[in-house]
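This report walks through a structure that the reader may be meeting for the first time. Please look at the sequence and the model below before reading on.

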Protein chains: 2
Amino acid sequence: MKKKSNGQYLENSRRGEILVAAAALFRAKGYEASTIRDITTAVGIASGSTFCHFRSKREILDAVAIEGMRHVLAGAETVAGRQLPPETCLKVLIRQHIGFLHDPPSRDFVTVLLYETRALSAGAKKEVMRLMALYEDIWKACLQGLVPVSNGRLRGAVSDSLLHRLLFGALNWSVHWYSPDDDLPPEVLAEALAELVLPAMRGSAESDVIGRSAT
Amino acid sequence: MKKKSNGQYLENSRRGEILVAAAALFRAKGYEASTIRDITTAVGIASGSTFCHFRSKREILDAVAIEGMRHVLAGAETVAGRQLPPETCLKVLIRQHIGFLHDPPSRDFVTVLLYETRALSAGAKKEVMRLMALYEDIWKACLQGLVPVSNGRLRGAVSDSLLHRLLFGALNWSVHWYSPDDDLPPEVLAEALAELVLPAMRGSAESDVIGRSAT
DNA sequence: CCTACCGATCGGTAGG
DNA sequence: CCTACCGATCGGTAGG
């Protein structure tokens, strides 16, 4: 409950206010191009006051990314707990992911965590990757449910792992073009993406499995 | 001919050497985090010498992005000129795009142009967008050919414009996970992506068209 | 194309 | 949490 309503409980603390302002700036201008002074001006405090709450600028980025990823994972775990039929599950996960990417305040946190991973500290990167792997597991479980017989193999050529990556890319790229206000509604975008994927897995899995890298 | 062999003719001039080194650094560390001194150290000249060839750091980024986008467009125009049947055309475009993203030296230029658009000057951004629209036109022509009757509408719900965006995202996101050396071969990745898309458009277009934003 | 250098701005600190 | 400040580094320039 605390983790889900990200923006609200964050804004109750000064630390949270800084995170919210930083996430918005990092999303708009990028981490490197955003300065401590940008952030503190947005919050309304002196620049030096930042370091009562964070040891460095990087630590703010780390917190934004981890907080964002926790929010995403919590949402997906809720969906997984509902035990939906696979097709519905996929549509709901897609719809939810679009919301994470485009609805404030999560979009600031999620866009930053997706596009500023490079700048994270080693520790934070590891933690974000760990949470992201759990998120991916939920998607893969759902995708595997679409073709029950498939143990990791989907229609013809595409493994569930590869399919997840392609879907993830199609979704995450939408931050570069999609605007919920004057574009098609999120539900419709989600539906379109599901319609693209589902027909591809209704055939029988005849050929060899492609895309399962030896791990 | 001059434009196609990007890396080679670029490296014949000092200006070209700077562009190649800058593209590699911008890709690895990001534009903001890369310094003039990083670039000139890589080239082997003094930092001030940069400004014999470029008026500013931003102008280097502009040149990298425009050069990269010209290369991409030239490649796609060659494919379009071959008048391939639609399915083959799609597969070739996908395969070629993967090459742009992952084969040196174009990958440095292309990754930068995709992920540092924000930092471009207004003029360069406009030019890159213009070229990108031409690139998109080639894809859309190919996609429309897949369902000849479809005038802009594909299977069920997805417009060719939306489908292009989703495909583009699935491809471009691969820079975050794909490694041509120890992952599946590029041909196989291209094949998998084509197999994902093609089944979705073999059905008849029965329902309304979704994703055609009013322009 | 180099040497020598500058003004601005950055992340971060000391002391209260 | 603020004031006052610092050392480092940045993009860029002057003069040759």
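## A salt bridge between the chains

The side chains of Glu116(A) and Arg118(B) meet in a salt bridge with an N to O distance of 3.7 Å, the term standing for a side-chain nitrogen of Lys or Arg within 4 Å of a carboxyl oxygen of Asp or Glu. Across the interface of chain B and chain A, 2 salt bridges are found by this rule.

This is a predicted model, in which local features need pLDDT of at least 70 and side-chain atom pairs count only at pLDDT 80 or more, whereas totals for chains, interfaces and linings use all residues. Residues are numbered from 1 along each chain as its sequence is written, chains are lettered from A and ligands numbered from 1 in the order in which they are written, and side-chain values use heavy atoms, with hydrogens and water left out.

## The interface of chain B and chain A

The size of an interface is often given as the accessible area lost when the parts come together. Chain B and chain A bury about 3,300 Å² between them, with 72% of it on carbon and sulfur atoms; buried area here is the accessible area (1.4 Å probe) that two parts lose on being put together, summed over both. In chain B, the residues that lose the most area to chain A are Leu166(B), Trp173(B) and Leu196(B), which together make up 20% of what that side buries.

The contact (heavy atoms within 4.5 Å) takes 39 residues from chain B and 39 residues from chain A. Helix 2 (14–29), helix 6 (106–115), helix 8 (160–172) and helix 9 (186–197) of chain B each supply at least two residues of the side that touches chain A, helices being DSSP runs of H or I with at least four residues, numbered from the N terminus. Helix 8 of chain B gives the largest share of that side, 8 residues. By class, the side of chain B that touches chain A divides into 23 nonpolar, 7 polar and 9 charged residues.

## How the two copies are related

A rotation of 180° with 0.0 Å of shift along its axis superposes chain B on chain A, with an RMSD of 0.0 Å, the fit being by least squares on the C-alpha atoms of residues with pLDDT of at least 70 in both. That is the relation of a two-fold axis. Among the residues of chain B, Ala170(B) comes closest to the rotation axis, its C-alpha lying at 2.2 Å. Because 100% of the interface residues of chain B are also interface residues in chain A, the copies meet through the same surface.

## The DNA strands

Which residues come nearest to DNA strand D? Of the 14 residues around this strand, they are Arg14(A), Ser49(A), Cys52(A), His53(A) and Lys57(B), where a residue is near a strand if one of its heavy atoms lies within 4 Å of it. Sugar and phosphate account for 56% of the atoms of DNA strand D that come within 4 Å of the protein. A phosphate oxygen of DNA strand D is 2.5 Å from a side-chain N or O atom of His53(A), and a polar side-chain atom of Arg14(A) lies 2.9 Å from a phosphate oxygen of the strand.

DNA strand C is likewise surrounded by 14 residues, and the closest are Lys57(A), Arg14(B), Ala46(B), Ser49(B) and His53(B). A backbone N or O atom of Ile36(A) lies 3.0 Å from a phosphate oxygen of DNA strand C, while for Arg14(B) a polar side-chain atom lies 2.9 Å from a phosphate oxygen of DNA strand C.

Notes:
Nonpolar A, V, L, I, M, F, W, Y, C, P; charged D, E, K, R; others polar. Polar contact = N/O pair within 3.5 Å; in protein donor to acceptor, adjacent residues only side chain to side chain.
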